[in-house]
Amino acid sequence: MAGTAASTDSPTATRRPGGVLVSFLPWIIFDVIAGPSTWKLAAFAALVSTIALNAPDFRRGAVKILNIAGLLFFAVISILALVLDRQDLVWLETYAQPLSNGVIALVALGSLAFTPFTEQYARESVPSELWHTEAFHRTNQVLTAVWGVLFLIITVLGFIALGATGSTADWLNWVIPAILLVLALRFTRWYPSQVHARAARGHTVLR
């Protein structure tokens with residue numbers, strides 16, 4: 001959980017997948033480190049990386065929903081790690097990874113009811129006069145839905161992996177999710193350029 005952006009003159013262009021990837025990095029750090037004996041360290045590392053990576057955005061008031069969700073999630077997990085006894089946190093040791101992926105899925109899919117979370121990244125590379133076009137909004141609805149469904153699938157795989165062992169668990173926890181993430185990043189790069197190409201050929205009416 002790389003590519004290049006669609007051109008910024010595209011009415012449906014979104015920011016480079018790398019922009020979204022920066023917001024995903026703390027979650028990736030948490031997933032990679034988290035385990036029965038390391039999830040506390042994972043929570044602290046993810047919290048620190050969330051603050052460090054997004055400090056420029058926080059300073060200029062460019063608040064993104066995924067970053068705020070990460071800040072709150074990792075702060076709560078870190079506080080629980082400090083104030084609760086280990087026996088009270090067995091559930092968190094067990095479900096830390098699928099829980100974090102489930103939060104991302106919830107944030108992504110929930111944002112469809114308001115502002116698709118990918119719009120917050122797209123607006124950093126797309127001219128402001130295009131932000132309210134139907135094509136721009138529709139493109140980001142599709143991209144956000146793809147990311148939401150992706151993390152929903154990864155969440156389900158994580159729960160299934162809890163009952164698996166050996167290579168099966170590795171495939172469910174790491175291999176399949178990694179493949180899905182690469183495909184989603186490629187789609188995030190490809191889809192806006194395709195919409196723009198169709199619009200340029202007159203097959204899409206931009207309003």
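**Figure 1. Surroundings of N54 in helix α2.** In this predicted model, N54 touches S23 and N67, if neighbours within four places in sequence are left aside. N54 belongs to helix α2, which covers residues 39-59. With a relative accessibility of 2%, N54 counts as buried, the cut-off for this class being under 20% relative accessible area. The view also takes in I68, whose C-alpha lies 9.6 Å from that of N54, at a separation of 14 residues in sequence.

**Figure 2. Surroundings of D57 in helix α2.** D57 is another residue of helix α2. Its relative accessible area is 12%, so D57 is buried. Apart from neighbours within four places in sequence, the residues in contact with D57 are A62, K64, N67 and E124. N67 thus appears in this view as a contact of D57 and in the view of Figure 1 as a contact of N54.

**Figure 3. Packing of helix α3 against helix α4.** Helix α3 spans residues 65-83 and helix α4 spans residues 90-111. The angle between the two is about 160°, and their axes are 10 Å apart. An angle over 145 degrees counts as roughly antiparallel, and α3 and α4 are therefore roughly antiparallel to each other. The crossing of α3 past α4 is right-handed. On the α3 side the contact is formed by I65, L66, A69, F73, I77 and L80, and on the α4 side by L92, L99, S100, V103, I104 and V107. Sorted by class, this contact of α3 with α4 holds 11 nonpolar residues, 1 polar residue and no charged ones.

**Figure 4. Packing of helix α4 against helix α6.** Helices α4 and α6 meet at an angle of about 160°, with 8 Å between their axes. They are therefore roughly antiparallel to each other. The crossing of α4 and α6 is left-handed. From α4, the residues in contact are Y95, P98, N101, G102, I104, A105, A108, L109 and S111. From α6, they are T144, A145, G148, V149, F151, L152, I154, T155, G158 and F159. The contact of α4 with α6 counts 12 nonpolar and 7 polar residues, and no charged residues. I104 of α4 takes part here and also in the contact with α3 shown in Figure 3.

**Figure 5. Surroundings of I154 in helix α6.** I154 is located in helix α6. Its relative accessibility is 6%, so I154 counts as buried. Outside its neighbours within four places in sequence, I154 is in contact with N101, P177, L180 and L181. The C-alpha atoms of I154 and P98 are 7.5 Å apart, although 56 residues separate the two in sequence. Both I154 and P98 are listed in the contact of α4 with α6 shown in Figure 4.

**Figure 6. Packing of helix α6 against helix α7.** Helix α6 runs over residues 134-161 and helix α7 over residues 166-200. They pack at an angle of about 175°, and their axes lie 10 Å apart. The angle makes α6 roughly antiparallel to α7. In the contact of α6 with α7, 23 residues are nonpolar, 4 are polar and none is charged.

**Figure 7. The chain as a whole, for orientation.** The chain contains 7 helices and 0 strands. Of its 207 residues, 43% are buried. The exposed area of the chain is about 10,400 Å², with 66% of it supplied by carbon and sulfur atoms.

Key:
Residues are numbered from 1 along each chain as its sequence is written. This is a predicted model: local features need pLDDT of at least 70, side-chain atom pairs count only at pLDDT 80 or more; totals for chains, interfaces and linings use all residues. Side-chain values use heavy atoms; hydrogens and water are left out. Axes are lines fitted to C-alpha atoms, for helices over the stretch in contact, and angles run from 0 to 180 degrees between N-to-C directions. Angles under 35 degrees count as roughly parallel, over 145 as roughly antiparallel, 65 to 115 as roughly perpendicular and the rest as oblique. A crossing is left-handed if the near helix is turned anticlockwise from the far one by less than a right angle, and right-handed if clockwise. Contact means heavy atoms within 4.5 Å. Ala, Val, Leu, Ile, Met, Phe, Trp, Tyr, Cys and Pro count as nonpolar, Asp, Glu, Lys and Arg as charged, and the others, Gly among them, as polar. Buried means under 20% relative accessible area, exposed over 50%, partly exposed in between (1.4 Å probe, protein chains only). Accessible areas come from the Shrake-Rupley method with a 1.4 Å probe; for residues, only the protein chains shown count as cover.
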